[in-house]
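Q: Could we go through this model together? I would like to start with the overall picture and then turn to details.

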Amino acid sequence: DNLPPHKDGDLLIHGHTHVLTVQEKDGMTYINPGSAALPKENHPKSYMIYENRTFTIKTLTGETILDIGFNCVLKPNPLETTDKSKPAKAFILNRFR
């Protein structure tokens with residue numbers, strides 16, 4: 001319930017739960033690409049790539065699970081740690097309007 005600053009139509013990419021999820025909530029689209037190592041809730045091992053303005057979630061065998069097209073710019077989640085030596089765990093994507 002503690003949403004980062006966002007605008008309607010923004011996209012939040014996160015991990016941690018290892019559960020493949022795509023949902024709309026409070027004007028934001030949430031994507032968790034699942035896990036390539038320890039997927040949960042009977043989902044296949046999966047990963048996500050961003051190419052040509054499209055997010056594609058695939059299984060490790062290369063089967064496409066989902067394509068999501070966005071015209072956006074990637075920026076780190078401002079609520080994540082400011083320690084630059086650690087990778088961000090979540091990103092917000094603002095759609096170009």
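A: The exchange below goes from the whole chain to individual residues.

A: This is a predicted model, in which local features need pLDDT of at least 70, side-chain atom pairs count only at pLDDT 80 or more, and totals for chains, interfaces and linings use all residues. Residues are numbered from 1 along each chain as its sequence is written, and side-chain values use heavy atoms, with hydrogens and water left out.

Q: How many helices and strands does the chain have?
A: There are zero helices and eight strands. Both are DSSP runs numbered from the N terminus, helices being H or I with at least four residues and strands E with at least two.

Q: And what share of the residues is buried?
A: Of the 97 residues in the chain, 31% are buried. Buried means under 20% relative accessible area, exposed means over 50%, and partly exposed lies in between (1.4 Å probe, protein chains only).

Q: What joins strand 4 to strand 5?
A: Six bridges link strand 4 (residues 46–51) with strand 5 (residues 54–59), and the two run antiparallel. Strands pair if DSSP finds at least two bridges between them. Met 48, for instance, has Ile 57 in strand 5 as its bridge partner.

Q: What about the turn there?
A: The two strands form a hairpin with two residues between them, and Asn 52 in the turn has a positive phi of about 55°.

Q: Which residues form an aromatic pair?
A: By the ring criterion (centres within 6.5 Å; planes under 30 degrees apart stacked, over 60 edge-to-face, the rest tilted), the count is one aromatic pair. Tyr 50 and Phe 55 form this tilted pair, at 4.4 Å centre to centre with 35° between the planes.

Q: Is Phe 55 buried or exposed?
A: Phe 55 is buried, with a relative accessible area of 4%, whereas Tyr 50 is partly exposed at 38% relative accessibility.

Q: Moving along strand 5, what does Thr 59 touch?
A: Thr 59 lies in strand 5 and counts as buried because its relative accessibility is 7%. Leaving aside neighbours within four places in sequence, Thr 59 is in contact (heavy atoms within 4.5 Å) with Pro 44, Lys 45, Ser 46, Tyr 47 and Ile 65.

Q: Where is Val 22?
A: Val 22 is in strand 2 (residues 21–25), and its relative accessibility of 38% makes it partly exposed.

Methods
Rings of Phe, Tyr and Trp (its six-membered ring) pair if their centres lie within 6.5 Å; planes under 30 degrees apart count as stacked, over 60 as edge-to-face and the rest as tilted.
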